[in-house]
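Q: I should like to learn how to read the features of a structural model, beginning with the surroundings of a bound molecule. Please take me through them in turn.

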Amino acid sequence: MTEWTAWPAPAKLNLFLHITGRRADGYHLLQTVFQLLDRGDTIHLRLRTDGVVARSSELAGVPAEADLVVRAARLLKPHAAEQAGVDIAVDKRIPMGGGLGGGSSDAASVLVALNRLWGCGLDQDALARLGLGLGADVPVFVRGRSAWAEGVGEELTPVELPPRWFVIVDPRVSVPTGPLFQAPELTRAAPPTTIPRFLAGAETSNVFEPVVSARYPAVAAALKWLEPYGRPRLSGSGGCVFVDVAAEDQALALAAACPQGWSAQVARGVNRSPLQAALDSFSAGASPSW
Ligand SMILES: C[C@](O)(CO)[C@H](O)COP(=O)(O)OP(=O)(O)OC[C@H]1O[C@@H](n2ccc(N)nc2=O)[C@H](O)[C@@H]1O
Ligand SMILES: Nc1ncnc2c1ncn2[C@@H]1O[C@H](COP(=O)(O)OP(=O)(O)OP(=O)(O)O)[C@@H](O)[C@H]1O
C-alpha cells in the first residue's frame, strides 16, 4: 500500500456569463470568464494494485458510483495498467450546487493527478477532452489557467486577471444547473462580446441572475446585502454570490459581517491553478500537500 498524496481542487467564479446561442444537442453556447481561486476542496489519493477504484469518504446525497471523482478515475482507467487502482477521499469545502464548480474541479484534479500517478501519459488536450464528458466546467480546471471561455465552456483562452480578493456569500441554497438552462425566461441571444471589452470592465452581468433571484429569494437578498460594497454578481448558475475588493483586510471585514444563516468565504483570485503548482512540486520529487 502506498502513502496518501493530497491534491488541490480550487473553486472558480464566473466574472460574467452570457448565453449567445444553443447547439443542436440542446447545450448552450456561452461567453464567460473563469476566475480561479486559491481555495477549494482537497483530494486525497492512495494507489492500489488490485485494479479497484474506491471512494473512502462520504458525500451527502451522492453515492460513490455517481461521484465525479470516482467517475473521473474510471474514465482514465483504460489508459492505465490493468492492476492500477486507487482509493479516493475528498475534503469537501466548496458548497455543492453553489456555482463554484466544486464537482468539476474535483473531477479535474483526479484526472490530472492520476494521469501522473498511474503513468498514463495523456497530454493536457486529451485530459480536457476526457473531462468534458463529465461536465462543461471540467476542462478549465484541467488546463489550470483563469480563462475566457466560449463554446459550452471548453474553448479556452487564458487571460491575466488583475490581483483581487473576493468575498463569496453562500445563502445556503443549492441550485441545480440543468433546470436553470431549461428556464423559458432565460435570455439566449446575447450579442457576442470580446476579451478587450471584458478587460475594460464593460461585462459584469450573469444571464442566470434574474432567473435565480426570482426563484430563490435568499439569493436576491444576498445580492442586495452586498450592493453597498461593489458590483455583486452570481457565479455560474448560483446560488453563491460575490463581490471583489482590492485588499484582504477589506474582504475579511466584510465576510465577518455576513448575516446569520448565510456563510461568507474570502478567497484570492489566481491566474494559475494551485493544482499546477502541486503537479510541478510532485514532478520535482516533493510530496504535494495543500
Ligand atoms: C453554469 C456553468 O457553471 C458556468 O461555468 C456551466 O455552464 C455549467 O457547467 P456544469 O455544471 O459542468 O454543467 P454540466 O454538468 O455539463 O451540465 C448540466 C446540465 O446543464 C445544461 N448545460 C450545461 C452547460 C451548457 N453550456 N449548456 C447547457 O445546456 C445541460 O442541460 C446539462 O445537462
Ligand atoms: N465530487 C462532487 N462534488 C460535488 N458535487 C458532486 C460531486 N460528484 C457529483 N456531484 C453532483 O453534482 C452536483 C453539482 O455539484 P457542484 O458542486 O459541481 O455544482 P456547482 O458548483 O453548481 O457547479 P457548476 O458551477 O459547475 O454549475 C451536486 O449537486 C452533486 O449531486
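Q: Which residues surround ligand 1, and which of them are the closest?

A: One begins with the shell, taken in this predicted model from residues whose C-beta atom lies within 6 Å of the molecule. For ligand 1 the shell holds 18 residues, and the closest are His28, Gly135, Asp137, Val152 and Gly236. Strand E1 (5-22), strand E2 (28-48) and helix H5 (177-181) are the elements that each give two or more residues to this shell.

Q: What is the make-up of the shell around ligand 1 by class?

A: A class count summarises the chemical character of a shell. Around ligand 1 there are six nonpolar, eleven polar and one charged residues.

Q: Where does ligand 1 lie with respect to domain 1 and domain 2?

A: The position follows from asking which domains contribute to the shell. Domain 1 (5-159) and domain 2 (165-270) both supply residues around ligand 1, so the ligand lies between them.

Q: How many residues surround ligand 2, and which are the closest?

A: The same reading applies. Ligand 2 is surrounded by 21 residues, with Leu68, Gly102, Gly103, Asp137 and Gly236 as the closest. Helix H1 (68-76) and helix H2 (102-117) each provide at least two residues of that shell, and H2 gives the largest share, four residues. By class, the shell around ligand 2 has eight nonpolar, ten polar and three charged residues. Ligand 2 also lies between domain 1 and domain 2, because both give residues to its shell.

Q: Which residues does UniProt list for "binding site"?

A: A database annotation is read as a record, to be set beside the computed geometry. The unreviewed UniProt entry lists Pro95, Met96, Gly97, Gly98, Gly99, Leu100, Gly101, Gly102, Gly103, Ser104 and Ser105 under "binding site". Among them, Gly102 and Gly103 are also closest residues of the shell around ligand 2.

Q: Where is Gly101 placed, and is Gly101 buried or exposed?

A: Location is read from the secondary structure, and burial from a count of neighbours. Gly101 sits in the loop between strand E4 (85-91) and H2. It counts as buried because 30 C-beta neighbours fall inside 10 Å, where 20 or more suffice. Beyond its neighbours within four places in sequence, Gly101 is in contact with Ala11, Lys12, Asp137, Phe141 and Gly236.

Q: Where is Ser104 found, and with which residues is Ser104 in contact?

A: Ser104 belongs to helix H2. With 27 C-beta neighbours inside 10 Å, Ser104 counts as buried. Apart from neighbours within four places in sequence, its contacts are Gly135, Asp137, Val138 and Phe141.

Q: How far apart are the centres of domain 1 and domain 2, and how many residues does the contact take from each?

A: A domain pair is described by the separation of its centres and by the residues that meet. Taken over C-alpha atoms, the centres of domain 1 and domain 2 are 22 Å apart. The contact takes 28 residues from domain 1 and 33 residues from domain 2. On the domain 1 side, E1 and E2 are the elements giving two or more residues, and E1 gives the most, with ten residues. That side divides into 13 nonpolar, twelve polar and three charged residues.

Q: How many helices and strands are there in the protein chain, and why is it described as compact?

A: The protein chain has ten helices and ten strands. Its radius of gyration is 19 Å, close to the 19 Å that the globule rule gives for 290 residues, so the chain is as compact as a globular protein of that length. Buried residues make up 42% of the 290 residues.

Note on methods: Residues numbered from 1 in each chain as written. Chains lettered and ligands numbered in written order. Predicted model: local features only at pLDDT ≥ 70, side-chain atom pairs only at ≥ 80, totals over all residues. Nonpolar A, V, L, I, M, F, W, Y, C, P; charged D, E, K, R; others polar. Domains from an automatic or database assignment. UniProt positions renumbered as here; feature names shortened; annotations may be inferred. Buried ≥ 20, exposed ≤ 12 C-beta atoms within 10 Å, placed from the backbone. Contact = placed C-beta atoms within 7 Å. Rg over C-alpha atoms; globule rule 2.2 N^0.38 Å.
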